Amino acid sequence: PEETSYPESIHKSMLHSVLAGGKRLRPVLVIAAFEAVGGNREDILPFAVAVEYIHTYTLIHDDLPALDNDDLRRGKPTNHKVFGEAIAILAGDALLTQAFYLMTHSGLMGAIPPEKLLQAAHDMTGAIGTSGMIGGQVVDIESEGKPIDEETLEYIHVHKTGCLIKACIRAGAILSQANTDQLEALSNYGEQIGLAFQIVDDILDITADESLLGKDIGSDVDKGKATYPALYGLDKSKRKAEKLVEDGITCLEVFDNRAEPLREIGRFFLQRTF
């Protein structure tokens, strides 16, 4: 709508990152968990879009000079390289705000009981705040260039990446009014694959083709970041990721073939090249 196009710079900046491509993994996880319990994906599309906004905000801010200082994201110049740091920071802020506007918009998701929208949105805040993703990012920054132990490394990965992935799966479960056993099974699945995803990310930073990955490779090593390959080596890291995915898929035994997309996503994590 016309009234939302001004100021033009901020909306262009937001769209630059939202429409830059990517796997759309997090909205897919919301939808796949929702459908595993028996829901119809059309009912929760705004919520699924909202989690992609959250993810995109984190990427814009992660790429900033004060954090990871990256030039490439999804094969394109990072937001601050195109729009400048000030607009990039505000674009991230705006996407996070817009995400909660969508998640709590019961008018757009009339088939979902409002208390379930509230529960899922509340759950999401815990996953991306200081006890979740932000906490992981802080410890990640503070650990750069220092020797760290296994517990700190796992804390960083579980919180920095795993919490949002798990929250996306939990959101799908909550919105589909999953029972206690179903919610627990999906939460456990989310926990395993969330950690596996970040371990594979660490591996790809060393082994990937930059043109496929769409972002700068080797940056973890350059910054002395805490990663699984740095602590365990590549082979042991791969085995750890494989075991986590295997355990995650086992958690889905209480579901029928409607959970097959979730099983396939777990397998994709191990095979991905980007």
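Q: In this predicted model, is His55 buried or exposed?
A: The relative accessible area of His55 is 12%. The cut-off for burial is under 20%. His55 therefore counts as buried.

Q: Which helix holds His55?
A: The residue sits within the run 45-62. That run is helix α3.

Q: Which side chain makes a polar contact with the side chain of His55?
A: His55 touches Arg26, Arg74 and Leu164, leaving aside residues up to four places away in sequence. One of these also makes a polar contact, side chain to side chain, at 3.3 Å. That partner is Arg26.

Q: Is Arg272 buried or exposed?
A: Arg272 is placed in the segment after α14 (260-271). Its relative accessibility is 4%, and burial means under 20%. Arg272 therefore counts as buried.

Q: Over the face of which residue does Arg272 lie?
A: Arg272 touches Lys23, Phe197, Val200, Asp201 and Leu204, not counting residues up to four places away in sequence. One ring has Arg272 over its face, at 4.0 Å from the ring centre. That ring belongs to Phe197.

Q: At what distance does the side chain of Arg272 reach the backbone oxygen of Phe197?
A: Arg272 meets Phe197 in two ways. Arg272 lies over the face of the Phe197 ring. The side chain of Arg272 also reaches the backbone oxygen of Phe197, at 3.1 Å.

Q: How far apart in space are Arg272 and Asp201, C-alpha to C-alpha?
A: In sequence, 71 residues separate Arg272 from Asp201. Yet Arg272 touches Asp201. From C-alpha to C-alpha, the spacing is 9.4 Å.

Q: Which residues do ring pairs link into a cluster with Phe197?
A: Phe197 has the side chain of Arg272 at its backbone oxygen. The Phe197 ring also belongs to a cluster linked by ring pairs. The other members are Phe268 and Phe269.

Q: How are the rings of Tyr228 and Tyr232 arranged?
A: The model has 3 aromatic pairs. In the Tyr228 and Tyr232 pair, the ring centres are 5.3 Å apart and the planes are at 25°. Planes under 30 degrees apart meet the cut-off, so this pair is stacked.

Q: In which helix do Tyr228 and Tyr232 both lie?
A: The two tyrosines are 4 residues apart, about one turn of the helix. Both fall within residues 228-232. The helix is α12.

Q: Is Tyr232 buried, partly exposed or exposed?
A: Tyr228 has 2% relative accessibility and counts as buried. Tyr232 has a relative accessible area of 24%. The partly exposed class lies between 20% and 50%. Tyr232 is therefore partly exposed.

Q: How many disulfides does the model have?
A: A disulfide is a covalent bond between the sulfur atoms of two cysteines. The cut-off for the sulfur pair is 2.5 Å. By this rule the count is 0.

Q: How far from Cys251 is the nearest cysteine sulfur?
A: The count of disulfides is 0. Cys168 is in none, with the sulfur of Cys163 nearest, 11 Å away. Cys251 is in none either, and its nearest cysteine sulfur, again that of Cys163, lies at 16 Å.

Q: Is Cys251 buried, partly exposed or exposed?
A: Cys168 is buried, with a relative accessible area of 0%. For Cys251 the relative accessible area is 21%. Cys251 is therefore partly exposed.

Q: How many residues apart in sequence are the parts that Asp71 and Lys81 tie together?
A: The whole structure has 15 salt bridges. Asp71 and Lys81 form one, with the closest N and O atoms 3.6 Å apart. Asp71 is in the loop between α3 and β1 (72-73), and Lys81 is in helix α4 (residues 79-83), so the bridge ties together parts separated in sequence by 10 residues.

Q: Which helices hold Asp140 and Lys160?
A: The side chains of Asp140 and Lys160 form a salt bridge at 3.3 Å, N to O. The pair ties together parts 20 residues apart in sequence, because Asp140 lies in helix α7 and Lys160 in helix α8.  Asp140 is buried, at 4% relative accessibility. In order, the two helices are α7 and α8.

Q: At what N to O distance do the side chains of Asp256 and Arg258 meet?
A: Asp256 is partly exposed at 39% relative accessibility. Arg258 is partly exposed too, at 43%. Their side chains meet in a salt bridge at 3.4 Å.

Q: Which residues are linked with Glu260 in a network of salt bridges?
A: Side chains of opposite charge can pair when their charged atoms come close. Here Glu260 belongs to a network of such bridges. The other members are Arg263, Glu264 and Arg267.

Methods
Residues numbered from 1 in each chain as written. Predicted model: local features only at pLDDT ≥ 70, side-chain atom pairs only at ≥ 80, totals over all residues. Heavy atoms only, no water. Phe/Tyr/Trp six-rings, centres within 6.5 Å; stacked < 30°, edge-to-face > 60°. Buried < 20%, exposed > 50% of the residue type's maximum accessible area, 1.4 Å probe, protein only. Lys NZ or Arg CZ within 6 Å of the ring centre and 35° of its normal. Polar contact = N/O pair within 3.5 Å; in protein donor to acceptor, adjacent residues only side chain to side chain. Contact = heavy atoms within 4.5 Å. Salt bridge = Lys/Arg side-chain N within 4 Å of Asp/Glu carboxyl O.
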